[in-house]
Amino acid sequence: QVQLFESGGGLAQAGGSLRLSCAASGRTYSNSAFAMGWYRQAPGKEREFVTGIRWSSGRTTYGDNVQGRFTTSRDIAADTVYLQMDNLEPGDTAVYYCAAGIYLPPRSEFEFKFWGQGTQVTVSS
């Protein structure tokens, strides 16, 4: 059972930046299979994929809405994933959820099974 501990978030102005962190504990997956990422959910909308990162290679995937503005990275030794959010827009306002699971190369998909509690990000115009 993987537990996820999120930090960061808060309030920013449009054009500003925020950084989220998420530390994982209790994982049993190997580095070659493990993956972490972020989703977000705005009021009245479905949960949306933001980014995923493969643990061993560091290769990343981003949702279309954040491509070029958000950057995800990881600290393997600390089992921590970071989300650097730059050039924020009011449309980025949402609860951001950290996720952990595996990456499935044959399908080029992430399969996230564990979720954090969520952290609020609010961007004012």
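A disulfide is a pair of cysteine sulfur atoms within 2.5 Å, and the structure holds one. This is a predicted model, in which local features need pLDDT of at least 70 and side-chain atom pairs count only at pLDDT 80 or more, while totals for chains, interfaces and linings use all residues. Residues are numbered from 1 along each chain as its sequence is written, and side-chain values use heavy atoms, with hydrogens and water left out.

The disulfide joins C22 and C98, whose sulfur atoms lie 2.0 Å apart. About its S-S bond the torsion is about -85°, so the disulfide of C22 and C98 is left-handed. The pair links distant parts of the chain, since C22 sits in strand 3 (residues 18–25) and C98 in strand 9, 76 residues apart. Strands here (E, at least two residues) are DSSP runs, numbered from the N terminus. Both C22 and C98 are buried, where buried means under 20% relative accessible area, exposed over 50%, and partly exposed in between (1.4 Å probe, protein chains only). As a reminder for newcomers, a disulfide is a covalent bond between the sulfur atoms of two cysteines.

Charged side chains come next. Side chains of opposite charge can pair when their charged atoms come close. A salt bridge is counted when a side-chain nitrogen of Lys or Arg is within 4 Å of a carboxyl oxygen of Asp or Glu, and a search of the whole structure finds seven of them.

A good place to start is R40, which is buried at a relative accessible area of 5%. Its side chain meets that of E48 in a salt bridge of 2.8 Å, N to O; E48 is partly exposed, with a relative accessible area of 26%. R40 also forms a salt bridge with D92, at 2.9 Å from N to O. This second pair links distant parts of the chain: R40 belongs to strand 4 (residues 34–41), D92 to the loop between strand 8 (80–85) and strand 9 (94–104), and they are 52 residues apart. D92 counts as buried, at 1% relative accessibility.

Another salt bridge brings together the side chains of E89 and R69, at 3.7 Å from N to O. Here too the pair links distant parts of the chain, with E89 in the loop between strand 8 and strand 9, R69 in the loop between strand 6 (60–62) and strand 7 (70–75), and their positions 20 residues apart. E89 is partly exposed at 38% relative accessible area, whereas R69 is buried at 10%. Taken together, R40, E48, R69, E89 and D92 are linked in a network of salt bridges.

Notes:
Helices (H or I, at least four residues) and strands (E, at least two) are DSSP runs, numbered from the N terminus.
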